[in-house]
Amino acid sequence: MKSIRRQMALSIGAAAAILLIGGGAGLHLTLSKTLTGQFDKSLVTKAQALLIASEIDDGEFEIDLDIQAFAGFGSSSPGDYFEVYSEAGRALSRSPSLGAADLPLPENLTSEVSGFANLVLPDGAPGRAYWETFTPSDDLEGEFRGTRILVASDTSQLRKTLRTVALVILLFGGGAILASLAVLYRVIGVALKPVGRLSADVQRIDVHRLSTGLVVDDFPGELQGVAAKLNELLARLEVSFARERRFTSDAAHELRTPLAELRAMTELGATWPDEFTAEHGREMLEVLAELESLLETLSLLAKADSEVSPHLEPVDLESGVRESFERLDADLKRRCLTVDSDISAGSVLTDPVLWRAIVANLLGNAVTYAPEGSILRVEVSPLVFAVENEAPDLDPADLDRLFERFWRKSSSRTEKGHSGLGLSVVRAAVTFLGGECSASLEGSRLRVEVRWSGTSV
Amino acid sequence: MRLLLVEDSQRLRVTLVRALARLGYAVDEARGGDEAMASVGVHPYDVIILDLMLPGKSGLELLETWRRRGDLTPVIILTALASVADRVRGLALGADDYLVKPFAIEELAARLEAVIRRHRGQADSRIRVADLEIDLAARTVRRRGTALSLTAREFSLLECLARHPGRVFSREQIEARLYGEADSPLSNAVDAAIYALRRKLSPGDEPVLIHTRRGLGYVLQESP
């Protein structure tokens, strides 16, 4: 499994190692250049000193022996050498330290006036040389024009120093990389602790008590947003689970009574066939019809409870309401109800199935519960759909419970076909479509009102 | 065996009354809490079958009232409320059993029997009087090992007498236990039923077990 801690420690460690190695190499290079520069400078100084001490005596090129010794080229100082060559390459003078040997000539000696070169000294040690082409000051005839002086010194000590420096840089750098890795690992571990806690807390969340959530203030600023969002999602999940549980239990409860009726009727007929009459058959069909309509209502509720987007299309206001009234016509006549309607022309952008359910339920409720011979009032516009009817049995305390699922003023089921789901279907559908519904009581007159947030077309 | 069925769904109530009547119970029906209160005040019932969601007083309120008054008539709750909390509340208030809708009539009958037996402190569903054996659960009767065929009402009559062998039951007591409010028995219905039952219990030359106590009523016992 990938670990953020290990990955961060390794990548930061690698970056630090590259920096340290680069820095070490740079330091070594600079040091090497400086020391070599100083070395070269001393070679030039020595060459200058020898040139000052050179003279032409009786047509012979000479360098004062005292100056030679002073400049460090005596026989007692091995490691420092010089040799003077004529333009033709004949050795004119050489340091006592060379004995009878010659200094090897660098390849570019003839092409340049002066320069530096690395070479192998006669004793086999590594060395560095400086040469300069000159004409001695007292060479009046120009006999010694093009004379070259070559000064060389042993670089073993310089090389050793640079090697030691490289070793120190290497050891220090390596140690620093290892130490920084260990420190990094610890520091990252401390810094990542809240992430580990967040992970542990999330794993501890109880599926059955999602609302417990996380304590946001316990986390550092960077993680508080994550924790807060998680809490919000968990709360929404909990609400949706609770709604689903309530829906299932309500639905099961509501299906029990018609199922019990159907089962008892069937059992009676099956056990005592002489008890089974055509009337029983009709009653059983009635129960089945009620079950079917209950299922339809429940699937409407399930649709409104789901969180997918509604399917919107323009619905004509007037024809929708008229259609519902036509279906209720028989009940209206039987109960001698009068309808006073105020329906404005136009259409509304809505989900046609849910819209029909809202209209049918509100009108159906009014027609069922209004006292015989009373007047219903219906007001329909693209923004408001309201139904008013007399409701002498209701009191203001009932208004809050009016939209609850399965709530009936009386808990009996004597009203056939009314499950107590009608207004809860209305509310669920209206909320789903982004509207609001409310109920108010003026005297004994109930007004149920649905408001849309301006989706008219 | 006289029952009171309190149920507001008309279809379920009518169906259950018919089925229970076919099983030999005398059943009175009540549509709501108020009717149930009125009936309980008038008649003694062996068991009350009680729905919980009722118009007027709820089933639980009724049960609470009866128990507070000291009425210990066994109650079987019949309801669509299926949660554990609902069952516990019903049983805690003094219900003897709890049946969730939908249910089988057969199961309701078995529970009725069990509740009655428990109420009377009987562990066994069989009653023996001399060589007569009555199985209340299976609703069968045997005399000297031979099965006898009784109608539902004859069985109820026998059951009523057999539950208390040796005790004299008046004609009125028997009538109250045998017939529901909906029945209108003739004045000699009990005598006729006793006569028919006595004959069926002694198909051969077996000694008579149901004896008449003139002016008092009838008794089931071995000796005259």
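# Salt bridges and contacts in a two-chain model

Reader: How many salt bridges does the rule find across the interface of chain A and chain B?
Author: Across the interface of chain A and chain B, keep in mind that we're looking at a predicted model. A search over all chains of the whole structure turns up 45 salt bridges. For the interface of chain A and chain B, the rule gives six.

Reader: And what's the area buried between chain A and chain B?
Author: On the residue level, 26 residues of chain A are in contact with 25 residues of chain B. Carbon and sulfur atoms give 57% of the area buried there. The whole buried area between the two chains comes to about 2,300 Å².

Reader: Which element gives the largest share of the side of chain A that touches chain B?
Author: Start with the polar side of things: chain A and chain B have twelve residue pairs in polar contact, with both residues at pLDDT 80 or more. Two elements of chain A give two or more residues to the side touching chain B, namely α4 (221-271) and α5 (278-305). The largest share of that side is eleven residues, and the element that gives them is α4(A).

Reader: By class, how many charged residues has the side of chain A that touches chain B?
Author: With α4(A) giving eleven residues to that side, here's the split by class. Seven residues are nonpolar and seven are polar. The charged ones number twelve.

Reader: B:Arg22 forms a salt bridge with A:Glu275, but where does A:Glu275 lie?
Author: In that bridge, the closest N and O atoms of B:Arg22 and A:Glu275 are 3.2 Å apart. B:Arg22 sits in helix α1 (residues 10-22) of chain B while its partner belongs to chain A, so the pair joins two chains. A:Glu275 itself lies in the loop between α4 and α5 of chain A.

Reader: Does A:Glu275 count as buried or exposed?
Author: A:Glu275 also meets B:Arg18 in a salt bridge, at 2.5 Å from N to O. On the B:Arg22 side, 30% relative accessibility makes that residue partly exposed. A:Glu275 has 9% relative accessibility, and the cut-off is under 20%, so A:Glu275 counts as buried.

Reader: How many residues apart in sequence are the parts that A:Arg447 and A:Glu379 tie together?
Author: The side chains of A:Arg447 and A:Glu379 meet in a salt bridge, 3.4 Å from N to O. A:Arg447 is in strand β14 (residues 445-451) and A:Glu379 in strand β11 (residues 375-380), both of chain A, so the pair ties together parts whose separation in sequence is 68 residues.

Reader: Which of these is partly exposed, A:Arg447 or A:Glu379?
Author: Both residues belong to a network of salt bridges, with A:Glu388, A:Glu390, A:Arg445, A:Glu449 and A:Arg451 as the other members. A:Arg447 is buried, at a relative accessible area of 18%. At 24% relative accessibility, the partly exposed one is A:Glu379.

Reader: What separates the centres of domain 1 and domain 2 of chain A?
Author: Chain A is divided into domain 1 (4-162), domain 2 (205-308) and domain 3 (309-451). Taken over C-alpha atoms, the centres of domain 1 and domain 2 of chain A are separated by 99 Å.

Reader: On to chain B: how many residues does its domain 2 give to the contact with domain 1?
Author: The assignment for chain B gives domain 1 (2-119) and domain 2 (126-220). Their C-alpha centres lie 26 Å apart. Domain 1 of chain B brings 15 residues to the contact, and domain 2 of chain B brings 13.

Reader: What area is buried between domain 1 and domain 2 of chain B?
Author: The two domains of chain B share three salt bridges. Carbon and sulfur atoms give 41% of the area buried between them. That area is about 1,100 Å².

Reader: Which elements give two or more residues to the side of domain 1 of chain B that touches domain 2 of chain B?
Author: Between these two domains of chain B there are five residue pairs in polar contact, both residues at pLDDT 80 or more. The elements of chain B that give two or more residues to the domain 1 side are α1, β2 (26-30) and α5.

Reader: B:Arg120 and B:Asp46 meet in a salt bridge, so which other arginine forms one with B:Asp46?
Author: B:Arg120 and B:Asp46 come to 3.1 Å, N to O. B:Asp46 is buried, with a relative accessible area of 9%. B:Asp46 also forms a salt bridge, with closest N and O atoms 3.1 Å apart, with B:Arg177.

Conventions:
Residues numbered from 1 in each chain as written. Chains lettered and ligands numbered in written order. Predicted model: local features only at pLDDT ≥ 70, side-chain atom pairs only at ≥ 80, totals over all residues. Heavy atoms only, no water. Contact = heavy atoms within 4.5 Å. Buried area = accessible area lost by both parts, 1.4 Å probe. Salt bridge = Lys/Arg side-chain N within 4 Å of Asp/Glu carboxyl O. Polar contact = N/O pair within 3.5 Å; in protein donor to acceptor, adjacent residues only side chain to side chain. Helix = DSSP H or I, 4+ residues; strand = E, 2+ residues; numbered from the N terminus. Nonpolar A, V, L, I, M, F, W, Y, C, P; charged D, E, K, R; others polar. Domains from an automatic or database assignment. Buried < 20%, exposed > 50% of the residue type's maximum accessible area, 1.4 Å probe, protein only.
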